[in-house]
2 protein chains.
Amino acid sequence: MQRLLIGFLIVCSVLFSVSCAAQETAVPMLVEKQRFSFDNYTTLGGEVIPQVTIGWESYGELNETKDNVILITHFFSGNSHAAGKYAADDMMPGYWDSIIGPGKAIDTNKYFVISSDTLVNAFPNDPNVITTGPASMNPATGEPYGLDFPVVTIRDFVNVQHELLKSLGIEKLHAVVGASMGSLQALEWSVAYPDMVERMVSVIGAGAMDAWTIMALEHWARPIKHDPNFNGGDYYGGEAPLTGITSTLAMITQQAMHPVIMNMRAPQPEVMPETALESVLNSTPVLDYLFANSANRAPLADGNHLLYLVRANQLFVAGHDGDLASAMAKVKAKTLFMPATNDLLLQPYLARKVVEVLKQQGKDPQYSEIEGIWGHLDGLFSIPSKAEELRAFLESE
Amino acid sequence: MQRLLIGFLIVCSVLFSVSCAAQETAVPMLVEKQRFSFDNYTTLGGEVIPQVTIGWESYGELNETKDNVILITHFFSGNSHAAGKYAADDMMPGYWDSIIGPGKAIDTNKYFVISSDTLVNAFPNDPNVITTGPASMNPATGEPYGLDFPVVTIRDFVNVQHELLKSLGIEKLHAVVGASMGSLQALEWSVAYPDMVERMVSVIGAGAMDAWTIMALEHWARPIKHDPNFNGGDYYGGEAPLTGITSTLAMITQQAMHPVIMNMRAPQPEVMPETALESVLNSTPVLDYLFANSANRAPLADGNHLLYLVRANQLFVAGHDGDLASAMAKVKAKTLFMPATNDLLLQPYLARKVVEVLKQQGKDPQYSEIEGIWGHLDGLFSIPSKAEELRAFLESE
């Protein structure tokens, strides 16, 4: 039952705070969460993390030549669980189960699909997440790092995944595919390891953070930074900044959804609701729909981890070493960009900008907008509409 | 100099936190802020406010038959200063000076244009704002009301304006025109006093709050409610909840702007900025552009007032007495709706919904979208593109 509940929380509620639109297969693909550790990782900023551990899982079989690998990189609130179920009676499968599996667009009969947790995952208190970040024990002190953990970047997420692949003897990626923050990692892979990546798929993504998005991300950080329990990130012995985390998760959930779908799912606003008229501090069913749900999920998240994730995203420009054009000049992979037309969080102009830059360099990026009423979440819930396009891209030479 | 500074703060920075796009006329129209008080106002919720005082100003002359009146209703962060200057050397004129004045679309050679502060104005500490709200003295205690102030609605804003007009002997409105929260008041006027309102113009507006917008507004309230200085709204003897207010103003500013204009005006993001890599708590020039500016404006705002304004907006459904259709059935005014195509805060679907309802009732609403790169603020800065359409509407029978 605990397992059931956790599965449901992770796949549906934790990730999207709405019931999941992913399709269940009749016979679920069973998957197992695994653990990868290595020592002395040096961050892009030049700091050393003595011990890094992340979780990962895979679907399909690695072939002998180890050249049938597709890497899936996860979004801000996500984790490695992209497809299948951990147990046959899990309520929901992984977030992209609609496109990953036997015979599906990302066909596990052909490909060895691997997906890992990132560093500083948002939900380290979720028993299915294995990550290293400020909530991890600092071997130098025997206490959680807190803000002594070094600031990390999307490139660091990629470099840690590279270590994982190396440990499996994988030197080539048939493709790397990611949504949202996962798209930043996918693109960064094609810049950081251009000879290793054959195909890159950016779903609801960007090539560099613009000022508007950097500011939007900061609104997610402030409620945690200014929570009275935050205490400069040193709260592990006491009360966690749950009020701030609740605000943050509620903003993420709302901004990932378009008004059309939110209004379809939320309670109807009342005319002159008595409790709302009594005090400006009182809630209403409409507000509870978003905020009570976020409050329920908050204990699985960690405040510092959310701040580190925000910062990693704020710092993103592909390549981390100049402008977008100089980074794109390094890319050798075939590329496919799939923003969502109604996305209000990472709007299609961000993907279009990368496509323009690649075209100016004589490359041939593919571009295909996902239509839907979910907004940003169309990258997860409306992806079946792009399944054949994705399959064709993966099968192309 | 103080006056200059205040004028600049109000018209540009306080309202939009960006430099103002309103055009200055060669010879400014000079206007004077006035004060209107009356006793024992009973709110829509049935509570009595013993003394109400609001500020107002006017442009043009009231004719003898008192039937040349156009009422302007202000937006969330606004006040009565819609046009002209208080002093010839004010840096900026009122927010709609581009369309209000002699010979302009709202022609002060023809019309007596009147504009008032609302109840619970967001910036009661701005010396040019005159309002009644939780920061006002409660005559029963000799202390500020705090959360003892009754919850008020958009209808209450309208009813207080009605008292002001009554005191001037005005029984007919040639038109009522408002942007954003001002559009809610304009529409409410046409429902509450249908025999009094001949024309109604809703700019960047809505007919009723939907669940999505009610939630979006709550994000503005939470940083104040959860500021350690908030103290249940009883902070007038101590430190104000300025950190929370700063978060709130920054969200309002960002959501009122489209990424295109924000990215044009903000500093360019740096690649691997040293301070940002040092600590997740450090700011960057991009973040300072938004948040340091909001922090500067915060002392002019009041936390409780912002909460009351949020609640008034959350409670809005035209008529406050049933659904949108039953309210629109009461409307006798000619109506014109002007949402902004790129608005991310009150998106055009909200105005379209009112238009559909009116058409279903056999009425003939006019609809015209404002194009621009400002987003919500196109309702202020791109309104000159609609000047002739507005003029024609006001001159029509």
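A polar contact here is a pair of N or O atoms within 3.5 Å, in which, within protein, one atom must be able to donate a hydrogen and the other to accept it. Keep that rule in mind for the first stop. The model on screen is predicted.

**Stop 1: the interface**

Show chains A and B together. Select the residues in contact: 59 of chain A meet 59 of chain B. The area buried between the two chains is about 5000 Å². Carbon and sulfur atoms give 71% of that area.

Now pick Trp212(A), Met215(A) and Val280(A). These three supply 15% of the area that chain A buries against chain B, more than any other three residues.

Turn to polar atoms. Across the interface of chain A and chain B there are 27 residue pairs in polar contact, both residues at pLDDT 80 or more. How many salt bridges are there between chain A and chain B? The count is zero.

**Stop 2: the side of chain A that touches chain B**

Colour the helices of chain A. Six of them each supply at least two residues of the side that touches chain B. Select them in turn:

- H4 (211-225) and H5 (242-255)
- H6 (259-265) and H7 (274-278)
- H8 (285-297) and H9 (303-314)

Which helix gives the most to this side of chain A? H4(A) does, with nine residues. Then colour the same side by class. The side of chain A that touches chain B has 37 nonpolar, 15 polar and seven charged residues.

**Stop 3: the sheet of chain A**

Hide chain B. Select the strands of chain A that form an open sheet of eight, in the order S1-S2-S6-S3-S9-S10-S11-S12. The pairing is mixed. Go to the edges, S1 (34-42) and S12 (366-367) of chain A. Each has a single partner strand, so one side of each is left without a neighbour in the sheet.

Zoom in on S1(A) and S2(A), residues 48-59. The two run antiparallel and are joined by eight bridges. Label Tyr41(A): it stands opposite Ile49(A) in S2(A).

**Stop 4: helices on the sheet**

Add H2(A), residues 154-167. This helix lies across S1, S2, S3 (69-73) and S6 (112-116) of chain A. H2(A) runs at about 120 degrees to S1(A).

Next, add H3(A), residues 181-192. H3(A) packs on the sheet and touches S3, S9 (175-179), S10 (199-203) and S11 (334-338) of chain A. Its direction makes about 155 degrees with that of S9(A).

Stay with H2(A) for a side-chain pair. Show Lys166(A) and Glu163(A), which meet in a salt bridge at 3.3 Å, N to O. The two are three residues apart in helix H2 of chain A, which means they are separated by about one helical turn. Over all chains, the salt bridges come to 22.

**Stop 5: chain B**

Bring chain B back. Its eight strands form an open sheet in the order S1-S2-S6-S3-S9-S10-S11-S12, with mixed pairing. The edge strands S1 (34-42) and S12 (366-367) of chain B each pair on one side only. Eight bridges join S1(B) to S2(B), residues 48-59, and the two run antiparallel. Here Tyr41(B) stands opposite Ile49(B) in S2(B).

Finish with two helices. H2(B), residues 154-167, packs on the sheet, at about 120 degrees to the direction of S1(B). H3(B), residues 181-192, runs at about 155 degrees to S9(B).

Technical notes:
Residues numbered from 1 in each chain as written. Chains lettered and ligands numbered in written order. Predicted model: local features only at pLDDT ≥ 70, side-chain atom pairs only at ≥ 80, totals over all residues. Heavy atoms only, no water. Contact = heavy atoms within 4.5 Å. Buried area = accessible area lost by both parts, 1.4 Å probe. Salt bridge = Lys/Arg side-chain N within 4 Å of Asp/Glu carboxyl O. Polar contact = N/O pair within 3.5 Å; in protein donor to acceptor, adjacent residues only side chain to side chain. Helix = DSSP H or I, 4+ residues; strand = E, 2+ residues; numbered from the N terminus. Nonpolar A, V, L, I, M, F, W, Y, C, P; charged D, E, K, R; others polar. Pairing = 2+ DSSP bridges. Axes fitted to C-alpha atoms, helices over the stretch in contact; angles between N-to-C directions.
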